[in-house]
Amino acid sequence: MLPHLGLAVLLAAAHLLAAVPARVLDLNGRPVNPLASGRDRVATVLVFTTTDCPISNRYAPEIQSLAAKFQTQGIGFTLVYPVSTDTPGVIREHVKKFGYALPVVRDTAQELVKHTGVRVTPEVAVIGAGGQVLYRGRIDDRHIDFGKDRPQPTERTLERALEAVRQGQPVAVRETQAVGCFLPDLIR
Amino acid sequence: MLHLSRPPDAAAQEVTFTRDIAPIVFKSCVSCHRQGGPAPFSLTTYDEVRRRATQIATVTKSRFMPPWKVEPRVSHFVGQDPLTDAQIASLAAWATNGAPQGDPAALPPVPQLPAGWLLGQPDLIVKPTKAFTLQAQPTDAFRIFAIRLPVTKRTYVRGIEFHPGNARVVHHANIRIDRTPATRQLDDADPLPGYDGLMPRSAEYPDGHFVGWTPGQVAPLVGPDLAWTLEPGSDLVVQLHLQPSGAVEEVLPEIGLYFSNRPPTRTPTILRLGSQSIEIPPGDARYVIRDAYTLPVDADLLAIQPHAHYRAREIRGMALFPDGTSRLVMHITDWDFRWQHVYREVTPIPLPKGTRLSMEYTYDNSAENVRNPQLPPAKVYWGQRSNDEMGDLWFQLLATNDRDRELMREQITTKMTVEDIAGYETMLRVDPRDAELHDDVALLYMSVGQMPQAVRHFEASVALKPDSAAAHFNLGTVLAQAGRLDDATAAFRAALARRRDYALAHNNLGQVLLAQGKTGEALKHLQEAVRLDEANPQALFGLAEAYAASGSFDLAIETIDRAIKLPMPQALATRVVARRDEYLRRRP
């Protein structure tokens, strides 16, 4: 019952999102639309992160390698920083330290957070070319809870979703629970 | 009665940071979660704590934090200070209600911890010569450093303090002392700082003292009467368990040592119970190992440390007393490789003579064990690498006097050597073609007097490296000790066929021939041994014996006098002097 409800909200939200993400800014303070669809763009992956979240930071190499794998296949990754204390300066340092080579946006009004329904960092949302949320949740199943994680993931959830999207197939599991730093605490 | 009738969330709304939460966090969290502390983030201000309110509520409810793995009623250990259920409920209520700050005036002071060394200024601070660079890799890493200790005379140590240097990635440290160059050689052989591999057997806990580190643990200094001895030339061996942060990280830990100015009066003994024959079938969710030891003397249990890898689930340690009563001395129901504390008793537990200490570990090698590093599960054997399994329970015991300690120490050494042998046999089941494993286990068999087994392994080593003169030499030496003199001479001749100037082989062959009464030939080889290595007292002594056997006592005395001028082990020196007297008496 809950998943249906959640999905309905997400789908409704997706339309709004496609219309106007008005207060999403780049690092120079200019409004940007991370979902602006180029001709070959199949989908966009929004990767929600914060600079001081250890679990999120540990995923940096994995995020970067997934982005490299899918960028040639019409799927672009964008890093989204939703916390206002992550200023452009702090973010520039963070991107450099963790070796990210991805587009970056600040979502300090939490437009993207609200529209996708993410709750923690790191959490990802895959947005289709029509603005619909195709997948939202964890990158993989490495983390089960704080202090409880697998030596390596047994299910690469985001990668599997992106394989489906790339082939024009429906995503089998559209929502999962991510483990990480709680956004409601960070943005209030 | 009045407050019971309030709606529950009215009570919850009253929970504020300054009045209710700060006292909990300041007491139980900030010793690690502070600027410069070993935890990955700081929790010393309202803003820092508010930003993680839900996470704090979650991890305290699951009791992942503060980290403490032992069941609450096992014993009373140093540093054991769990949150109460009421404290956990307050943290949860505060997070649910939006983490209000409350009256700023009510904020208690943040505990002032010294910025540097918690135990005070150390007498010696050491670190690896160069930082290790940890790449932004997906899996955990292990790195062993041999750190030179610049002490020029025998020194007594009351304890150490470990600083991880990079709290983002250093999760815990195993620390040992190596009085031999073995670890240093492995470190030097790796072009990068430290090395990835196994600790040599010679890297040991010093004089029965645990010296490891996990976050949040600073082992108190022991009294001067219990200090451990540091010999010049020893290396501090530090094995770091590193959890990548996602970025490239520099790792340079620092260790402070605290000295005592006088020799100790008492030395503890470490007993290791466990199994090195571990062999867990894939899918087995309840694989059990057990071990036990009965104390031959009275002793105090000072501390206890469990060790296992990822598949261990439940850890039990038990003391069965001579009067038939028993108590759990260790019990962990959700073992986590990453929290390998040393648990020190606040009050040592007296163990009367006849107390049976035992351990029982249960492993889950099924796919249901989320920590299983191999999926689908594979057969897993005993071994030191993190993908292998181990199962040890270490007890730090203090006997009443030196005589009792020596009796117990000898028994324990033999028991642990037998188990070490089992470990080598397990590793050889996995890799029967590893000649070095055969050599190492053969030496262990020799140390417990099991010559036929030692012969078997040196034979295997020779078969694996038939061109190695050293392999034939080793085989000859153990055959000689086993009394198989003809086979021994054949092996020494094989060694010399591969290396003509092998002084030790000439020496040992000469000694065997001498024992066989073949004095003439013995003399030839012993002369050659001395010619090749004039500073070997063994060879000089052997040659002297050969001269004496052939009746040339003057030559024998002249030769043995050359030996006496050289440094040699006490036992040999005693024999040499006694034999010299004998030659003098028998000289015509």
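Where does A99(B) lie in chain B?

**Figure 1. A backbone oddity at A99(B) in a predicted model.** Start with the loop between α5 and β1 of chain B, since that's where A99(B) lies. A99(B) isn't a glycine, yet its phi is positive, at about 50°. With 24 other C-beta atoms within 10 Å, and 20 or more being enough to qualify, A99(B) counts as buried.

**Figure 2. Q110(A), another non-glycine residue with positive phi.** This time we're looking at chain A, in the loop between β3 (104–106) and α5 (111–116), where Q110(A) has its place. The phi of Q110(A) is about 60°. Is Q110(A) buried or partly exposed? It's partly exposed, because its count of other C-beta atoms within 10 Å is 18, and a buried residue needs 20 or more.

**Figure 3. Cis peptide bonds ahead of P122(A) and P66(B).** In chain A, the bond going from T121(A) into P122(A) is cis, and omega sits near 0°. P122(A) is in the loop that links β4 (120–121) and β5 (123–128) of chain A. Over in chain B, the cis bond runs from M65(B) to P66(B), with omega near -15°. Look for P66(B) in the loop between α4 and α5 (85–96) of chain B.

**Figure 4. Where chain B meets chain A.** Chain B puts 27 residues into this contact, and chain A puts in 26. On the chain B side, helix α4 (residues 53–61) supplies the largest share, with 5 residues. Sort that side of chain B by class and you get 14 nonpolar, 9 polar and 4 charged residues.

**Figure 5. Strand β10 of chain B and its partners β1(B) and β4(B).** Of the 7 residues in β10(B) (residues 254–260), 5 are buried, so the strand is largely enclosed by the rest of the structure. Strand β1(B) (residues 124–126) pairs with β10(B) in the antiparallel sense through 3 bridges, and I125(B) has G256(B) as its bridge partner. Strand β4(B) (residues 155–163) is also antiparallel to β10(B), joined by 7 bridges; here V157(B) partners F259(B).

**Figure 6. An open four-stranded sheet in chain B with a helix packed on it.** Reading across, the strand order is β3-β8-β5-β6, with antiparallel pairing. At the edges are β3 (141–148) and β6 (203–204) of chain B, each pairing on one side only. Between β5(B) (residues 170–178) and β6(B) there are 2 bridges, and I177(B) is partnered with E204(B). Helix α6 (residues 182–189) of chain B packs on this sheet, touching β3, β5, β6 and β8 (235–242), and its direction makes about 120° with that of β3(B).

**Figure 7. Strand β14 of chain B, with β17(B) and β20(B).** Here's another strand largely enclosed by the rest of the structure, because 8 of the 10 residues of β14(B) (residues 299–308) are buried. β14(B) pairs antiparallel with β17(B) (residues 343–351) over 5 bridges, with A303(B) opposite R344(B). β14(B) also runs antiparallel to β20(B) (residues 391–399), joined by 9 bridges, and Q305(B) has W394(B) as its bridge partner.

**Figure 8. Confidence at the start of chain A.** Chain A has a mean pLDDT of 88, and 88% of its residues reach 70 or more. Residues 1–16 of chain A, though, have pLDDT below 50, and this stretch makes 15 contacts in the model beyond near neighbours in sequence. Where pLDDT is low, don't read the predicted coordinates in detail.

Methods: Residues numbered from 1 in each chain as written. Chains lettered and ligands numbered in written order. Predicted model: local features only at pLDDT ≥ 70, side-chain atom pairs only at ≥ 80, totals over all residues. Buried ≥ 20, exposed ≤ 12 C-beta atoms within 10 Å, placed from the backbone. Pairing = 2+ DSSP bridges. Contact = placed C-beta atoms within 7 Å. Nonpolar A, V, L, I, M, F, W, Y, C, P; charged D, E, K, R; others polar. pLDDT = per-residue confidence, 0-100. Axes fitted to C-alpha atoms, helices over the stretch in contact; angles between N-to-C directions.
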